Amino acid sequence: MSAVADALAARRSYSRVTPDAPSHDELLPLVAAVARVADHGALRPWRLIELRGDARRRLGDALVAASGHTAAEAARTAAKPLRAELLIALVISRRESEKVADWEQDAAAAGVAHALSLLLADAGWGVMWRTGPHTRSAPVRRMHELADNEELLGWLYVGGVPPDAKPGVRLPIDPAEFLTVL
């Protein structure tokens, strides 16, 4: 298989990562590479936001505000963004276009998110794309300072791969069930 096929076959999510994380400077070439995803009209209808340190706590507060949780539930919700030292918010940033529908722009942004997760994994990082019921809530939107043309796709939680991580398990598929011919 090719390197791309090998990367896809090996892809897995790490629900737990170590406190290590790539630096801003280490992320820049990966972001440059993901700009090559399929993107009708070359609109680049996406952007990424690094959340480190206190930004993760502010996200936890926004999640609590969105959830309405109190006491122990609120503490658990607030702690969710602290599972990794680096979160990368995945943002659809739709552009006005007569030729490119919103759904195509959303697909390009999702392609960027997936490609970035593959590149991070290839660089040796543990990654998990997380979402949740409050991803597109008003408090979370405000915390990320999203513009009116933007929507959040979720976050890549990024960190080191734990030494005791078990191999990812995914049941194989019958590709004939997913590939039809007209």
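Me: How many bridges join strand 2 to strand 4?
Reply: Keep in mind that this is a predicted model. Strand 2 covers residues 86–93, and strand 2 and strand 4 run antiparallel. One spot to look at is Ile 92, which stands opposite Glu 151 in strand 4. The number of bridges joining strand 2 to strand 4 is eight.

Me: Which strands stand at the edges of the open sheet of four strands?
Reply: The sheet is open, its pairing is antiparallel, and its order is 1-2-4-3. An edge strand has a single partner strand, so one side of it is left without a neighbour in the sheet. That fits strand 1 (46–51) and strand 3.

Me: By what angle are neighbouring strands of this sheet turned against each other on average?
Reply: We're still with the sheet of order 1-2-4-3. Ignoring direction, the average turn between its neighbouring strands is 25°.

Me: Which helix lies across strand 1, strand 2, strand 3 and strand 4?
Reply: Helix 3 (residues 54–67) lies across strand 1, strand 2 and strand 4, at about 105° to strand 1. The helix we want also lies across strand 3, running at about 155° to it. It spans residues 102–122, and that's helix 5.

Me: How many residues apart in sequence are the parts that Arg 16 and Asp 164 tie together?
Reply: The side chains of Arg 16 and Asp 164 meet in a salt bridge, 2.9 Å from N to O. Arg 16 lies in the loop between helix 1 (3–10) and helix 2, while Asp 164 is in the segment after strand 4 (150–160), so the parts they tie together are separated in sequence by 148 residues.

Me: Which residues do salt bridges that share partners join into one network?
Reply: Start with Glu 151, which forms a salt bridge with Arg 136, the closest N and O atoms being 3.7 Å apart. Glu 151 sits in strand 4, and Arg 136 is in the loop between strand 3 (125–130) and helix 6 (138–144). Arg 141 forms a salt bridge with Glu 151 too, with closest N and O atoms 3.8 Å apart. Put together, the network is Arg 136, Arg 141 and Glu 151.

Me: Is Pro 29 buried or exposed?
Reply: You'll find Pro 29 in helix 2 (residues 24–34). The cut-off for exposed is over 50% relative accessible area. Pro 29 has 52% relative accessibility, so it counts as exposed.

Technical notes. Residues are numbered from 1 along each chain as its sequence is written. This is a predicted model: local features need pLDDT of at least 70, side-chain atom pairs count only at pLDDT 80 or more; totals for chains, interfaces and linings use all residues. Side-chain values use heavy atoms; hydrogens and water are left out. Helices (H or I, at least four residues) and strands (E, at least two) are DSSP runs, numbered from the N terminus. Buried means under 20% relative accessible area, exposed over 50%, partly exposed in between (1.4 Å probe, protein chains only). A salt bridge is a side-chain nitrogen of Lys or Arg within 4 Å of a carboxyl oxygen of Asp or Glu. Two strands pair if DSSP finds at least two bridges between them. Axes are lines fitted to C-alpha atoms, for helices over the stretch in contact, and angles run from 0 to 180 degrees between N-to-C directions. Contact means heavy atoms within 4.5 Å.
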